[in-house]
Amino acid sequence: MAGRTVLSGNDKVTATRLLSDQRGAASLEMTIVSLFMMLGLVLPLTDLAVAGFRFDAAHQALRDMGQRTQYSNLDATDPTSISTWQSSLPTTVSGYTVSATVKCGDAGTAAPCAGTDFPKYYIFQTSFTLSPIVLGSVLCSTCTVNYSQRFQ
């Protein structure tokens, strides 16, 4: 190591003094810690946030479709009425393709329903895609969202 020389006075910083202070170690550690924080914490949280926002938007589109169907009458015992009802519904809501089906009874058999089958309910379904940066093995790439609503 370089020590104090005759030319350097007591008030000058030398290499030995810098090495003993290790002033550059904090900046190097901060770079490593920042990189770890970005890769280890922020990117996975970003993936989860995007998935949550897309799920909420898809679920809200299904709820909007459910709200619309509250005001359209449906005879669940007549297959013609069911197909007319399904064709009258919009195919997309808020940019999400929504499919609607009618189910009968507790087991969820497909319509047309027998007159005594209760409950009768709608099932709405949509899907959205994700492209996660870090959590690709944990999150779904094509996620399906279901929403059901009883009408009788």
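A disulfide is taken here as a pair of cysteine sulfur atoms within 2.5 Å. The close-up views below all come from a predicted model.

**Figure 1. The disulfide of Cys104 and Cys113.** A search of the whole structure finds 2 disulfides, and this view shows the one that joins Cys104 to Cys113, with an S to S distance of 1.5 Å. The link of Cys104 and Cys113 is left-handed, with -70° about the S-S bond, and both of these cysteines are buried. Cys104 also belongs to strand β3 (residues 99-104), where Cys104 stands opposite Thr109 in strand β4.

**Figure 2. The disulfide of Cys140 and Cys143.** In this bond the sulfur atoms of Cys140 and Cys143 are 1.7 Å apart. The torsion about the S-S bond is about 100°, so the disulfide of Cys140 and Cys143 is right-handed. The two partners are set differently towards the surface: Cys140 is partly exposed, with a relative accessible area of 35%, whereas Cys143 counts as buried at 8% relative accessibility. When the bonded cysteines of the protein are numbered in sequence order, the pairing reads 1-2, 3-4.

**Figure 3. The open sheet of 4 strands.** In general, strands of a sheet pair through backbone hydrogen bonds, and the pairing is either parallel or antiparallel. The sheet shown here has the strand order β4-β3-β5-β6, with antiparallel pairing. Strands β4 and β6 are the edge strands, since each of them pairs on one side only. Strands β3 and β5 run antiparallel and are joined by 6 bridges, and within this pair of strands Thr101 stands opposite Ile123 in β5. On the other side, β3 pairs with strand β4 (residues 109-110) over 2 bridges, also in the antiparallel sense.

**Figure 4. The hairpin of β3 and β4, with 4 residues between the strands.** Lys103 has Ala110 in β4 as its bridge partner, and Cys104 faces Thr109 in β4 as an opposite residue. In this hairpin, Gly105 takes a positive phi near 70°.

**Figure 5. The two faces of strand β3, where the side chains alternate.** Which side chains of strand β3 point to one face and are buried? They are Ala100, Val102 and Cys104, while Ser99, Thr101 and Lys103 point to the other face and are not buried. Val102 touches a wide range of residues, even when residues up to four places away in sequence are not counted, and among its contacts are Leu74, Ala76, Ile82, Trp85, Gln86, Tyr122 and Phe151. Helix α3 lies across β3 and β5, running at about 150° to β3.

**Figure 6. An aromatic cluster of Trp85, Tyr122, Phe124 and Phe151.** A pair of aromatic rings is described by the distance of the centres and the angle of the planes. A search of the whole structure finds 3 aromatic pairs. Trp85 and Tyr122 form a stacked pair, at 4.9 Å centre to centre and with 15° between the planes. Trp85 lies in helix α3 (residues 79-88) and Tyr122 in strand β5 (residues 120-129), so this pair ties together parts that are 37 residues apart in sequence. Trp85 counts as buried because its relative accessibility is 3%, and Tyr122 counts as buried at 2%. Tyr122 and Phe124 form a further aromatic pair that is tilted, with 5.8 Å centre to centre and 35° between the planes, and both residues of this pair are buried. Taken together, ring pairs link Trp85, Tyr122, Phe124 and Phe151 into a cluster.

**Figure 7. The largest nonpolar core, which has 25 residues.** Which residues have the most contacts inside this core? They are Trp85, Val102, Phe124 and Phe128. The elements that give two or more residues to the core are α2 (23-69), α3, β3, β5 and β6 (142-150). Among these elements, α2 gives the largest share of the core, with 5 residues. Two of the residues named here also appear in earlier views: Trp85 is part of the aromatic cluster, and Val102 is one of the buried side chains of strand β3.

Definitions and conventions. Residues numbered from 1 in each chain as written. Predicted model: local features only at pLDDT ≥ 70, side-chain atom pairs only at ≥ 80, totals over all residues. Heavy atoms only, no water. Phe/Tyr/Trp six-rings, centres within 6.5 Å; stacked < 30°, edge-to-face > 60°. Buried < 20%, exposed > 50% of the residue type's maximum accessible area, 1.4 Å probe, protein only. Pairing = 2+ DSSP bridges. Core = buried A, V, L, I, M, F, W, Y, C linked by side-chain atoms within 4.5 Å. Contact = heavy atoms within 4.5 Å. Axes fitted to C-alpha atoms, helices over the stretch in contact; angles between N-to-C directions.
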